[in-house]
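Dear colleague,

I am handing over the structure below, together with some notes on what turned up when I went through it. Please read them alongside the coordinates.

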Amino acid sequence: MVNNEIVTMRELDAEVVRTRARLQSEQPGRVIPDDVLRRQLLEQLIIERAQAQQAAAQGIRIDDSQVDQAIETVAANNRLSVPQLRDKLAADGMDFATFRKDIRGQIVRARLREAEVDSRIQISEADVDAFLESTDKSQGSAVELNIAQVFMKLPEEPDAQTLAEVSARMEQVRERALAGEDFAALARSLSQAPEADQGGSLGWRTADRLPGLFVEGLRGLEPGGLSKIIRSAAGLHLLKLVEQRGGAADVAGGQPLTQTRVRHILLRVDTERGEAEAERTLQLVRERLQSKQVSFEAMARQYSADGSASRGGELGWLYPGDTVPEFERAMNALEPGQVSEPVRSPFGLHLIQVLERRQSGNADDRKRQLARQKLREKRSDEAYREWLVQLRDRTYVEYRLEE
């Protein structure tokens, strides 16, 4: 039981079969004990169900056209048509209806994350200054780290006994790893993080995309080394530095880039009927804007569902590639001062207004823009992990395993 809904044994069994097939295809020979895999997948199903409930409570709905568009994108990324993708899934033993359901769930969770976490992340100019200063000193952004973790949850305000018990369990894990036990196996069997079934791997990341606590914990380690136990707001972490490699060159280059200062109004679309209503609303808003009855800022604050609404829809100076292709194409077709027709993107329907353009050959501007993006990604990742832990803690879960 997950609040007032159920996760059935049949669902779990199906997920186990699918995951084993995927692992066999991606990592032949890798074996995860059945009890470990089932426990991890059940926890994953619980968290996904809790997210779906939270999304429904907030009125987040995804219509079939949005799912179709996402599937077309998946097919295109794999250089396939949708029928070819369907055939490939069938050859891999995956039902297309199940695949559609998974895609819908991914979109719902992305929208929920955007509403609960991403839209609340604020990056100030002082934050960017501090970030650039720290990376210039440490050159951390020039180094990539491949790390893995074992994570154990803690309540928001653990009592002394709980903290001592979880700390003791984590110390035992660290001792076993130091004694030579396979870290990935320990993560798969003991970690409570979403990436546990991947052996705790967080993949390759630059230091500026890791929580500050992680960077400090990894400082001075050689590849293969283990951190001390690290406590965060979510729980306890044990990190392993798997590999380390030098970073890439500055992407700013010396070529001038066209920047566009833009603002928009975003309406979410949950159904076909909702899309028609949203388009009518935006057309009316556009007519009022063109007749100068209202200001764009006022309409954005009133109607927009984006985090930029409080800033009058202002997105600031954008570089090529900073937005989704549909938005960028419409934006590039506008002259300064023009307001677009309603524009469809994966996020919903937009009214876009270009304010001004400029040629930027200033590498420092691009450097600051990239720093802002990296800071946002880093803080978003941290906040999302903490939010998932809090959501799980708030969720009523009852196990009814009857023979």
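**Salt bridges and a pocket**

Arg 176 has a relative accessible area of 36%, and it therefore counts as partly exposed. Please keep in mind throughout that this is a predicted model. The side chain of Arg 176 forms a salt bridge with Glu 181, in which the closest N and O atoms are 2.9 Å apart, and Glu 181 is likewise partly exposed because its relative accessibility is 37%. Elsewhere, Asp 64, Asp 68, Arg 100 and Arg 104 are joined into one network by salt bridges that share partners. The count of salt bridges in the model comes to 24.

Arg 113 takes part in two of the pairs that I looked at in detail. With Asp 381 it makes a salt bridge at 3.0 Å, N to O; since Arg 113 lies in helix α5 and Asp 381 in helix α13, this pair ties together parts that are 268 residues apart in sequence. Arg 113 also forms a salt bridge with Asp 118, where the closest N and O atoms are 3.5 Å apart. As for the two acidic partners, Asp 381 has a relative accessibility of 19% and so counts as buried, the cut-off being under 20%, whereas Asp 118, with a relative accessible area of 26%, is partly exposed.

Helix α5, which spans residues 96-116, also holds Glu 114. This residue counts as buried because its relative accessibility is 15%. Leaving aside residues up to four places away in sequence, Glu 114 touches Ser 119, Arg 268, Asp 306 and Phe 347.

Asp 306 appears again in the second largest pocket, which holds about 1,900 Å³ of space. Of the 50 residues that line this pocket, Asp 306, Leu 315, Asp 322, Thr 323 and Arg 376 are the closest to its centre. The elements that give two or more residues to the lining are the helices α3 (64-77), α5, α6 (125-138), α12 (325-332) and α13 (363-394), along with the strands β5 (257-267), β6 (314-318) and β8 (348-360). Helix α13 supplies the largest share of the lining, namely eight residues. Sorted by class, the lining consists of 18 nonpolar, 16 polar and 16 charged residues.

With kind regards

Conventions:
Residues are numbered from 1 along each chain as its sequence is written. This is a predicted model: local features need pLDDT of at least 70, side-chain atom pairs count only at pLDDT 80 or more; totals for chains, interfaces and linings use all residues. Side-chain values use heavy atoms; hydrogens and water are left out. Helices (H or I, at least four residues) and strands (E, at least two) are DSSP runs, numbered from the N terminus. Buried means under 20% relative accessible area, exposed over 50%, partly exposed in between (1.4 Å probe, protein chains only). Contact means heavy atoms within 4.5 Å. On a 1 Å grid over the protein atoms alone, a cavity is a set of points where a 1.4 Å probe fits but cannot get out, and a pocket is an open set with protein on both sides within 12 Å along at least five of seven lines; lining residues have an atom within 4 Å of a point. Grid points are joined across faces, edges and corners, and a volume is the space filled by probe spheres set on the points. Ala, Val, Leu, Ile, Met, Phe, Trp, Tyr, Cys and Pro count as nonpolar, Asp, Glu, Lys and Arg as charged, and the others, Gly among them, as polar. A salt bridge is a side-chain nitrogen of Lys or Arg within 4 Å of a carboxyl oxygen of Asp or Glu.
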